[in-house]
Amino acid sequence: MTAPSDLTARLGLDPEARAIILNADDFGMCHAANEAIAELLLAGHLDSATVMTPCAWAPEALAFAAARPGLSVGVHLVLTSEWSRYRWRPLSGGMSLVDRDGYFPTDVRTVEERAAVEDVAAELEAQLDAALTAGVDVTHLDNHMGSVYGLQTGRDLLEPVFALAARRGLPFRLPRVVDGTEIGTAMQPALDRATAAADAAGVVILDRLWTHPFELAGEGTDEEETYEQIRDGFLALLRAVPAGVTEIYLHPMVDGEELRAAVDYGAAKRGYERRLLADPLVHEVIEQEGLVRISWRALRSVQRDVG
């Protein structure tokens, strides 16, 4: 297992601390996301969330965050729009970023193959500026569907991300190592180059980035995964967290008519994740394991100390 960086020490923690950030992606995607994420943030069950500013329900999420500057809320940088019935468009109008209908592409490969770096840079800055203009004290940046990582073709779009993060004094969600993920160790050399570029730019990044499967196993069949199975798998994930700083990201939403009209799959899993994050067993295991919960606000302080 790869050793962690010195990030825990820079945070004022024991160098061997097992620090976690429980983050909710897709804030602002729809009202179902906003309702679940807002309640979890207010209850202290989440450490942070990231807003998709091009989405139709972003104003509600941004207004919530702006009214509560003590929360850790970042920007979920978007270059894809994956659902078939609910789509969103760029804020900047870059023509290399859209499909023939004027929306972001549904898949990451298209972004990697077609997006012009200058259009990406303008769009990501516009998305961050939308949150700042709304009054949000933005604490960090991350990326929707991994569209800037180069996972499909090897062509990453990290240069404009690092430039934006460094200029605005914000950390970025990039892991140093892939152990504990499904990406595979073959990606580690590319990740090593990316982390070296982040370090050179003075951008604070994570040691690890973990989640659990996006979809509900066996969804729609007699073998459909139960909530208890999901919970037990998540508890095992928590127990396996090593030393260093690990973000665990989920997509909690209210599983109802609105969500099922918007997404093509995964509504039940998102509803379960809302329940999971509030489950007392999850928080018992976090305490029993001695995991230290931190927020991206703490990483932003380290970032700005670097700057």
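Trainee: Quick one to start: where is M145 found?
Mentor: In this predicted model, M145 sits in the loop between strand 4 (141-143) and helix 6. Helices (H or I, at least four residues) and strands (E, at least two) are DSSP runs numbered from the N terminus.

Trainee: And what is phi like at M145?
Mentor: It is near 65°, a positive value in a residue other than glycine. M145 is partly exposed, with a relative accessible area of 35%; buried means under 20%, exposed over 50%, and partly exposed in between (1.4 Å probe, protein chains only).

Trainee: Which strand does D26 lie in?
Mentor: Strand 1, residues 18-27. D26 has a positive phi of about 70° although it is not a glycine, and at 0% relative accessibility D26 counts as buried.

Trainee: How far can I lean on the details?
Mentor: Local features need pLDDT of at least 70 and side-chain atom pairs count only at pLDDT 80 or more, while totals for chains, interfaces and linings use all residues. Residues are numbered from 1 along each chain as its sequence is written, and side-chain values use heavy atoms, with hydrogens and water left out.

Trainee: Switching to helix 7, which residues are buried?
Mentor: Q188, L191, A194, T195 and A198. Seen down the axis of helix 7, they fall within an arc of 115°, so they line one face of the helix; the arc is that of the directions from the helix axis to the C-beta atoms.

Trainee: What does the face turned away from that buried side carry?
Mentor: On helix 7, that face carries the exposed residues R193 and A200.

Trainee: And what do the buried residues of helix 7 pack against?
Mentor: Helix 6 (158-168). Helix 6 has its own buried residues: L158, P160, V161, F162, L164 and A165.

Trainee: What happens just after helix 7 and helix 6?
Mentor: G202 takes a positive phi of about 75° just after helix 7, and G169 takes one of about 70° just after helix 6.

Trainee: Back to packing: at what angle do helix 5 and helix 6 pack?
Mentor: About 35°, with the axes of helix 5 (residues 117-133) and helix 6 lying 9 Å apart. Axes are lines fitted to C-alpha atoms over the stretch in contact, and angles run from 0 to 180 degrees between N-to-C directions.

Trainee: Which residues make the contact?
Mentor: Helix 5 brings V117, V120, A121, L124, E125, L128, D129 and L132, and helix 6 brings P160, V161, L164, R167 and R168. Contact means heavy atoms within 4.5 Å. P160, V161 and L164 of helix 6 are also buried.
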